[in-house]
Amino acid sequence: MVQNHEHDEISFHYWYPSSIVMFEKNTVAFRRWEGKNGVCFMNRPLQRGEEILVHRTSLSSKILKFGLTNRDPETLNWSDDFADLSNVQYHEKTWSPNEKCYIRFSLSGNTSLTVSLDDSQQDLQVFSFENVSANVPLWLLIDLFEIGDVYQISKKKTSTFQNISQTYLSFWPWPFER
């Protein structure tokens with residue numbers, strides 16, 4: 001039986017590195033300090049044909065780095081703020097320079113992601129991932145690789161997150177420890 005995820009809540013997975021701070025029920029990820037990586041998994045495997053949107057909430061982010069893996073984040077060793085993701089193949093998409101926007105992901109073909117900036121069909125690209133199997137669940141990863149990157153994951157075209165208050169963040173120790 002095929003699961004219908006149309007009304008599932010989308011978020012980032014509850015396993016993430018200590019260089020990341022989560023907000024809004026794990027739908028917003030903020031890269032707070034350098035650490036070893038800033039990789040965040042989607043909260044469940046991506047389904048074929050499903051559309052996931054990643055919103056840029058900070059204009060300082062220039063490139064979105066993303067990947068697919070068959071590795072369930074719960075099976076990774078997250079000790080020392082690092083999970084071994086050496087086998088993950090990544091691709092990059094450049095953000096539009098002057099506006100807050102989103103990148104749309106959809107799993108197409110066996111192990112390919114169709115990616116577009118906002119609703120633009122002119123900017124549509126297909127990225128292949130040769131190092132994953134279509135017969136095992138595929139997990140979408142977003143790499144917040146620059147300090148200050150802030151992304152929201154959802155199924156909605158409009159971001160619900162406005163900004164991160166500097167006052168709010170000043171109460172948190174650096175680096176953030178869970």
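**Entry 1: strand β10 and its partners**

I began with Val39 and looked up its bridge partner in β10, which is Asp143. Before going further I noted that this is a predicted model, so every value below is computed from predicted coordinates. Val39 led me to the pairing of strand β3 (residues 39-41) with β10, which is antiparallel and runs over 3 bridges.

I then turned to strand β5 (residues 63-69), which also pairs with β10 in the antiparallel sense, here over 5 bridges. Two of the positions I checked were Leu68, which stands opposite Leu140 in β10, and Thr69, which stands opposite Trp139 in β10.

How many of the residues of β10 are buried? I found that 5 of the 5 residues in strand β10 (residues 139-143) are buried, so by the cut-off of under 20% relative accessible area the strand is mostly covered. Looking at the directions of the side chains, I saw that Trp139, Leu141 and Asp143 point one way from β10, while Leu140 and Ile142 point the other way, and that all of them are buried. I set this beside the general rule that side chains in a regular strand alternate between the two faces of the sheet.

**Entry 2: the two sheets**

Next I asked which order the strands take in the sheet that holds β10. It is an open sheet of 4 strands in the order β3-β10-β5-β6, with antiparallel pairing. The edge strands are β3 and β6 (89-94), each of which pairs on one side only. Neighbouring strands of this sheet are turned against each other by 30° on average, with direction ignored.

The other sheet I looked up is an open one made of 7 strands, in the order β1-β2-β11-β4-β7-β8-β9, and its pairing is antiparallel. Here β1 (20-23) and β9 (125-128) are the edge strands, and each pairs on one side only. The twist of this sheet averages 25° from one strand to the next. At the β1 end I checked the pairing with strand β2 (residues 28-31), which is antiparallel over 4 bridges, and within it I found Ile20 opposite Arg31 in β2.

**Entry 3: aromatic rings**

I searched for aromatic pairs and found 5 of them in the structure. One is formed by Phe41 and Trp139, an edge-to-face pair with 6.3 Å from centre to centre and 75° between the planes. Because Phe41 lies in strand β3 and Trp139 in strand β10, this pair ties together parts that are 98 residues apart in sequence. I also checked their accessibility, and both Phe41 and Trp139 are buried.

Another pair is formed by Trp95 and Tyr151, which are stacked, with 5.8 Å from centre to centre and 25° between the planes. Trp95 lies in the loop between β6 and β7 (102-108) and Tyr151 in strand β11 (residues 150-154), so the pair ties together parts that are 56 residues apart in sequence. Both Trp95 and Tyr151 are buried. I noted, too, that Phe66, Phe105 and Phe127 form one aromatic cluster.

**Entry 4: Lys65**

I went back to strand β5 for Lys65, which is found there. Is Lys65 buried or partly exposed? Its relative accessible area is 22%, and I therefore recorded Lys65 as partly exposed.

Which rings does the charged end of this lysine meet? I found Lys65 over the face of Tyr90, at 4.9 Å from the ring centre, and its charged end also sits over the ring of Phe145, 5.8 Å from the centre of that ring. Leaving aside neighbours within four places in sequence, I listed the contacts of Lys65 as Tyr90, His91, Glu92, Leu141, Ile142, Asp143 and Phe145. As a check on the backbone, I looked up the C-alpha atoms of Lys65 and Leu144, which are separated by 7.3 Å although the two residues are 79 apart along the chain.

**Entry 5: the chain as a whole**

I closed with the totals for the protein chain, which holds 1 helix and 11 strands. From the N terminus on, its elements run β-β-β-β-β-β-β-β-β-β-β-α. Of the 178 residues, 51% are buried, and the accessible surface comes to about 9300 Å², of which 50% belongs to carbon and sulfur atoms. Among contacts between residues at least 6 apart in sequence, I noted that 71% join residues at least 24 apart.

Methods: Residues are numbered from 1 along each chain as its sequence is written. This is a predicted model: local features need pLDDT of at least 70, side-chain atom pairs count only at pLDDT 80 or more; totals for chains, interfaces and linings use all residues. Side-chain values use heavy atoms; hydrogens and water are left out. Buried means under 20% relative accessible area, exposed over 50%, partly exposed in between (1.4 Å probe, protein chains only). Two strands pair if DSSP finds at least two bridges between them. Axes are lines fitted to C-alpha atoms, for helices over the stretch in contact, and angles run from 0 to 180 degrees between N-to-C directions. Rings of Phe, Tyr and Trp (its six-membered ring) pair if their centres lie within 6.5 Å; planes under 30 degrees apart count as stacked, over 60 as edge-to-face and the rest as tilted. A charge sits over a ring if NZ of Lys or CZ of Arg is within 6 Å of the ring centre and within 35 degrees of the ring normal. Contact means heavy atoms within 4.5 Å. Accessible areas come from the Shrake-Rupley method with a 1.4 Å probe; for residues, only the protein chains shown count as cover.
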